[in-house]
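User: I should like to go through the reasoning behind several assignments in this model. Please set each value against its criterion.

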Amino acid sequence: ALAQALFVRPMLLVLDEPTNHLDLGACVWLEDYLSKWDSILILTSHSADFLNGVCSKIYHLTVDNTLQMYGGNYGSYVKTRQENEVNQGKKYDKEQDDIKHLQEFIRSCGTYSNMVKQAQSKQKIIDKMVEAGLTSKVVADPVFRFYFPNSAKLPPPVLAFQEVSFAYSGKKEDYLYTGLDFGLDCDSRIALVGPNGAGKSTLLKLISLDIEPTEGEIRRNAHLRIGRYNQHSEDVLDLEKNPLDFMRDLHPEGIITSDGHKKMDVQDWRGKLGIFGVTGEKQTLPMKTMSPGFRARVVFCLMSLRNPHMLLLDEPTNPLDMDMIDSLALAIKKFTGGLVLVSHDFRLLEQVAEEIWVCDNKSITPWKGSIQSYKNHLRKQMEQQAGKMFSGTGVQ
């Protein structure tokens, strides 16, 4: 779809979340390509890293439904907006303080004839300020924060791969992985990177035992509980139901907590959903009327009900906005269990990943540098491939 849109070289190119479903290499390529785009480009994206590389202007849709334009990339927008709001706040406070003192003076004049003119003069000052337009109060964007419950840590190794090989067909010539040998525990904070089709999602399925290895063995602690999010997690939701009824029907006997089994009443379920920002009437509206972002919150809530020791997250940012991604990053940081994450969002990876594993060539290789150094590696790799391609065609 991207190739079709880019190939015709349109005068106006409109992209809505173009990085969704791309691997990191494709994100880097698209960022570099669009940074040199020489006609009109309008896009929405939840990837701050991508916006920093592509955009020269940012339009902010405010909470009172106005559009404000900022020059520069996303990082410049954040800095300028913060400075503007600080200045606006100071100006608002001064104006309100001046009006308060003027009004206090007017009230002190009472009905004394010798003070009436002074009171009228002060009132004219207030009237002129109002007529010229008072500075509005800074209204911050709504901020949402949630958390995953913490379970008691299991002794390592929680999960171990021993000479694991896998193919969906079961045939050696189709192996996605061969001879995998590694361990995971409750302190693991791992980002899986690599090209589409290399087997990142497959590895998560092997970890969660959704599929069995073709060869080798996966040993798993019998008490291990996993909270999993993938790109099809919404499929588990009954969109005809509201979140409250869905949760009650799915867990009629209650849930597992750090204190043991707990029977849930309506208020308990309201509290659980509220932790993930599904509040008020959202709890009683059919989920088919909700945005993908709100449905993702319901899925995160479902994950938390398992009281997991480990989180497996496969592209969790696709339906999320910037604030929700920041909330997810904070929730992961506060979570005391393990994490295996697949994401094309460099900013999220930079915040939460302590190890980077490259899935490619039927194996897993630890990356020794940072996620930004991996991004630079991908950029150099693509430049080399492009050079070879054009050198063979004679194109300059």
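User: Which residue stands opposite Asp360, and in which strand does that residue lie?

Analyst: In this predicted model, the residue opposite Asp360 is Ser363, in strand 15.

User: What makes strand 14 and strand 15 a pair, and in which sense do they run?

Analyst: Two strands pair if DSSP finds at least two bridges between them. Strand 14 (residues 355–360) and strand 15 are joined over five bridges, in the antiparallel sense; the criterion is therefore met.

User: What is the strand order of the sheet in which strands 14 and 15 lie?

Analyst: Six strands form an open sheet in the order 9-12-13-7-14-15, with mixed pairing.

User: Why are strand 9 and strand 15 said to stand at the edges?

Analyst: Strand 9 (226–229) and strand 15 (363–367) each have a single partner strand, so one side of each is left without a neighbour in the sheet. On average, neighbouring strands of this sheet are turned by 20° against each other, direction ignored.

User: Which helix packs on this sheet, and which strands does the helix touch?

Analyst: Helix 6 (residues 200–207) packs on the sheet and touches strand 7 (189–193), strand 9, strand 12, strand 13 (338–342), strand 14 and strand 15. The direction of helix 6 makes about 155° with that of strand 12.

User: What makes strand 5 and strand 8 a pair?

Analyst: Strand 5 (residues 159–166) and strand 8 run antiparallel and are joined by five bridges. Because at least two bridges are required, they count as paired. Within strand 8, Arg219 is the bridge partner of Ala160. Helix 6 packs on this sheet as well, touching strand 5, strand 6 and strand 8, and its direction makes about 125° with that of strand 5.

User: How do you know that Asp32 and Arg379 form a salt bridge?

Analyst: The N to O distance between their side chains is 2.8 Å. The cut-off is 4 Å, so the pair qualifies as a salt bridge. This pair links distant parts of the chain: Asp32 is in helix 2 (residues 24–35) and Arg379 in helix 12 (residues 371–391), 347 residues apart.

User: How far apart are the closest N and O atoms of Lys375 and Asp49, and are these residues buried or exposed?

Analyst: The closest N and O atoms are 2.3 Å apart, in a salt bridge. Both residues are buried. Lys375 lies in helix 12 and Asp49 in helix 3 (residues 48–54), 326 residues apart. A network of salt bridges links Glu31, Asp32, Asp49, Lys375 and Arg379.

User: Why is Asp249 called partly exposed?

Analyst: Its relative accessible area is 47%. Partly exposed covers values between the 20% limit for buried and the 50% limit for exposed, so Asp249 falls in that class. Lys241, at 29%, is partly exposed by the same reasoning. The side chains of Asp249 and Lys241 meet in a salt bridge of 2.9 Å, N to O.

User: Why does Glu315 have no salt bridge?

Analyst: Glu315 is buried, and the nearest side chain of opposite charge, Lys200, is 6.3 Å away. A salt bridge requires a nitrogen within 4 Å of a carboxyl oxygen, so Lys200 does not qualify.

User: What joins the side chains of Glu315 and His344?

Analyst: A polar contact of 2.9 Å joins them. The cut-off for such a contact is 3.5 Å, so this distance lies within the limit. Glu315 is located in the loop between strand 12 (310–314) and helix 10 (322–334).

Notes:
Residues are numbered from 1 along each chain as its sequence is written. This is a predicted model: local features need pLDDT of at least 70, side-chain atom pairs count only at pLDDT 80 or more; totals for chains, interfaces and linings use all residues. Side-chain values use heavy atoms; hydrogens and water are left out. Helices (H or I, at least four residues) and strands (E, at least two) are DSSP runs, numbered from the N terminus. Buried means under 20% relative accessible area, exposed over 50%, partly exposed in between (1.4 Å probe, protein chains only). Lys and Arg count as positive and Asp and Glu as negative; His and the chain ends are not counted. A polar contact is a pair of N or O atoms within 3.5 Å; within protein, one must be able to donate a hydrogen and the other to accept it, and residues adjacent in sequence count only if both atoms are side-chain atoms. Axes are lines fitted to C-alpha atoms, for helices over the stretch in contact, and angles run from 0 to 180 degrees between N-to-C directions. Contact means heavy atoms within 4.5 Å.
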